[in-house]
Amino acid sequence: MSRLQIIFLNFKSSLMGYYSLGFLCFFSALLVSSLIFYRKPNLKVESKLYWAYALVLVTFSAIRPIGLSRDDLAYLEISKNICAITECMALIQSSRDWGWYLIISILKSVLPGEHAVLVLSGICTFIQLLIIDRLCRQKLLALTLFIPLTYLYFDFTLLRAGLALTVFFIAFYRDWE
């Protein structure tokens, strides 16, 4: 079997899940849209389209099933050890990443643990996309770069790092103003 056939078979097997195929379609549509608006800018229409794609991404972040990301099960275990703030009134539940733990503790007061983790990821993604909207003229192109360079790693896989990156985005935005 040739190397090209092996690559094709590996690619084909990675698309077997609904979410992988859905992501490929989503990202392909985003890529085509960003290329169209790069060539023929229409800021008003592009902004509306940007928010349509952004809301899909935020919603997916907040309600996706646990297990899609390689670190999901670890975060599920971590969230089991965090008590809701209404139960234990502990503001600091970890020696590191205490801000993430505190926010999860607050969210666990109203949501189950695994949903609290994903909702926080969705909130962080929304804040980052809001800042991208405020700072970028070519929003779709920025979103096309944001997903593979930032979202898939920080907000989809390393959820605590996603919160830290959001703080960085906020600091960058404040400096820009």
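The legends below describe close-up views of one predicted model.

**Figure 1. The whole chain is built from helices.**
The chain has 9 helices and 0 strands. Read from the N terminus on, the elements run α-α-α-α-α-α-α-α-α. The chain holds 177 residues, and 37% of them count as buried. Take the contacts between residues at least 6 apart in sequence: 67% of these join residues at least 24 apart.

**Figure 2. Confidence varies along the predicted chain.**
The mean pLDDT of the chain is 82. A value of 70 or more is reached by 84% of the residues. Where is confidence lowest in the chain? It is lowest in helix H1, residues 3-14, with a mean of 54. Confidence is highest in H3, at 92.

**Figure 3. The largest nonpolar core has 22 residues.**
Six members touch the most other members: Tyr50, Leu57, Leu129, Leu143, Phe146 and Ile147. Which helices each supply at least two residues of this core? They are H2 (18-39), H3 (43-63), H7 (113-135), H8 (139-155) and H9 (159-176). Another core lies apart from this one. That other core has 13 residues, among them Tyr75, Tyr101, Leu107 and Cys124. In soluble globular proteins, nonpolar side chains tend to be buried together.

**Figure 4. Leu129 touches residues from other parts of the sequence.**
Leave out residues up to four places away in sequence. Leu129 then touches Tyr50, Trp51, Ala54, Leu57 and Val58. Leu143 and Phe146 are also among the residues that Leu129 touches. Tyr50, Leu57, Leu143 and Phe146 appear again from the list in Figure 3.

**Figure 5. Ser121 sits in helix H7.**
Is Ser121 buried or exposed? Its relative accessible area is 6%, so Ser121 is buried. Set aside its neighbours within four places in sequence. Ser121 is then in contact with Ser61, Asp155 and Leu159.

**Figure 6. Arg64 and Asp72 form a buried salt bridge.**
The closest N and O atoms of Arg64 and Asp72 are 2.6 Å apart. Both residues are buried. The count for the structure comes to 5 salt bridges.

**Figure 7. Lys80 and Glu77 form a salt bridge within helix H4.**
The closest N and O atoms of this pair are 3.2 Å apart. Helix H4 covers residues 72-80. Lys80 and Glu77 are 3 residues apart, about one turn of the helix. How do the two partners compare with the cut-offs for exposure? Lys80 has a relative accessible area of 55%, so Lys80 is exposed. Glu77 has 45%, so Glu77 counts as partly exposed. The cut-off for exposed is over 50%.

**Figure 8. Other salt bridges involve Asp71 and a network.**
Asp71 forms a salt bridge with Arg70. Their closest N and O atoms are 4.0 Å apart. Arg70 is exposed, because its relative accessible area is 64%. Which residues are linked in a network of salt bridges? Asp133, Arg134 and Lys139 are.

**Figure 9. Phe23 and Phe27 form a stacked pair in helix H2.**
A search of the whole structure finds 12 aromatic pairs. In the pair of Phe23 and Phe27, the ring centres are 5.8 Å apart. The angle between the planes is 20 degrees. The two residues are 4 apart in helix H2, about one turn of the helix. Phe23 has a relative accessible area of 31%, so Phe23 is partly exposed.

**Figure 10. Phe146 and Tyr151 form a tilted pair.**
Their ring centres are 6.5 Å apart, with 40 degrees between the planes. Phe146 is buried, because its relative accessible area is 4%. Tyr151 is at 1%, so Tyr151 counts as buried. Ring pairs also link Phe146 and Tyr151 into a cluster with Phe60, Phe156 and Phe169.

**Figure 11. Arg160 lies over the face of Trp100.**
What is the distance from Arg160 to the ring centre of Trp100? It is 5.9 Å.

Notes: Residues numbered from 1 in each chain as written. Predicted model: local features only at pLDDT ≥ 70, side-chain atom pairs only at ≥ 80, totals over all residues. Heavy atoms only, no water. Core = buried A, V, L, I, M, F, W, Y, C linked by side-chain atoms within 4.5 Å. Buried < 20%, exposed > 50% of the residue type's maximum accessible area, 1.4 Å probe, protein only. Contact = heavy atoms within 4.5 Å. Salt bridge = Lys/Arg side-chain N within 4 Å of Asp/Glu carboxyl O. pLDDT = per-residue confidence, 0-100. Phe/Tyr/Trp six-rings, centres within 6.5 Å; stacked < 30°, edge-to-face > 60°. Lys NZ or Arg CZ within 6 Å of the ring centre and 35° of its normal.
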